[in-house]
Amino acid sequence: MQLDSGAVVEGRVTRVTDFGAFIQFENGETGLVHISQIAHSFVRNIHDHVREGENVEVKVLGRDERGRLDLSIKELLEEPEEVPRPRAIGRQSPQFEAKLRSFMRDAKERTHGGGGGGGGSAAKKPAGKRKR
């Protein structure tokens with residue numbers, strides 16, 4: 001069996017780790033499907049996608065500098081339509097910012113008993129000698 005770059009072959013999952021799955025082929029060679037090559041979407045738990053003993057079809061991406069096989073399952077899957085990402089929210093309107101500041105100041109005064117340094121209207125008595 002020839003395992004050249006671009007070849008699509010079937011192998012058996014022999015071990016699953018946090019970083020990928022090891023696939024063994026009929027000729028005895030073993031390669032790695034890195035977790036980033038499992039699916040088009042983010043893979044939080046690789047065990048949700050492959051299991052030890054399972055036969056899987058993979059694409060040979062090539063060999064690394066040490067001769068190890070780099071494999072992909074993702075390359076054989078149909079790429080999903082791109083889901084539009086939410087647009088970034090820029091700076092809010094000045095009116096909103098003013099209302100938010102006012103709300104936060106009022107909330108601070110309520111939780112700190114009104115003397116929270118929020119510029120409240122309560123006048124403080126000047127420090128001095130007490131009368132007995």
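## Close-up views of a predicted model

**View 1. Ser 72 sits in strand β5, which covers residues 69–72.** Everything shown here and in the views that follow comes from a predicted model. Let's begin with how covered this serine is: with a relative accessible area of 0%, Ser 72 counts as buried, because that label applies to anything under 20%. Looking past its neighbours within four places in sequence, you'll find Ser 72 in contact with Val 33, Gln 37, Val 58, Lys 59 and Leu 61.

**View 2. The side chain of Ser 72 and its polar partners.** Zoom in on Gln 37, one of the residues that Ser 72 touches. The side chains of Gln 37 and Ser 72 are joined by a polar contact of 2.7 Å. Now look over at Glu 75: its backbone nitrogen is 2.9 Å from a polar atom of the Ser 72 side chain.

**View 3. Thr 17 in strand β1.** We now move to another strand, β1, which runs over residues 8–17 and includes Thr 17. Thr 17 has a relative accessible area of 13%, so it falls under the 20% cut-off and is buried. If you skip residues up to four places away in sequence, Thr 17 touches Phe 22 and Ile 46. Asn 45 is worth finding too: 28 residues separate it from Thr 17 in sequence, and the C-alpha to C-alpha distance between the two is 9.9 Å.

**View 4. Strands β1 and β2, joined by a hairpin.** Follow the chain out of β1 and you pass through 2 residues of hairpin before reaching β2. The two strands pair in the antiparallel sense, with 5 bridges between them. To see one such pairing, pick out Val 13, whose bridge partner in β2 is Ile 23. Strand β2 itself takes in residues 20–24, and it's mostly covered, with 4 of its 5 residues buried.

**View 5. From β2 on to β3.** Strand β2 also pairs with β3, which is made of residues 30–34. Here again the sense is antiparallel, and the pairing spans 5 bridges. Gln 24 is a handy place to start, as it stands opposite Thr 30 in β3. These two strands form a hairpin as well, with 5 residues between them. In that turn, look for Gly 28, which has a positive phi of about 95°.

Key. Residues are numbered from 1 along each chain as its sequence is written. This is a predicted model: local features need pLDDT of at least 70, side-chain atom pairs count only at pLDDT 80 or more; totals for chains, interfaces and linings use all residues. Side-chain values use heavy atoms; hydrogens and water are left out. Buried means under 20% relative accessible area, exposed over 50%, partly exposed in between (1.4 Å probe, protein chains only). Contact means heavy atoms within 4.5 Å. Two strands pair if DSSP finds at least two bridges between them. A polar contact is a pair of N or O atoms within 3.5 Å; within protein, one must be able to donate a hydrogen and the other to accept it, and residues adjacent in sequence count only if both atoms are side-chain atoms.
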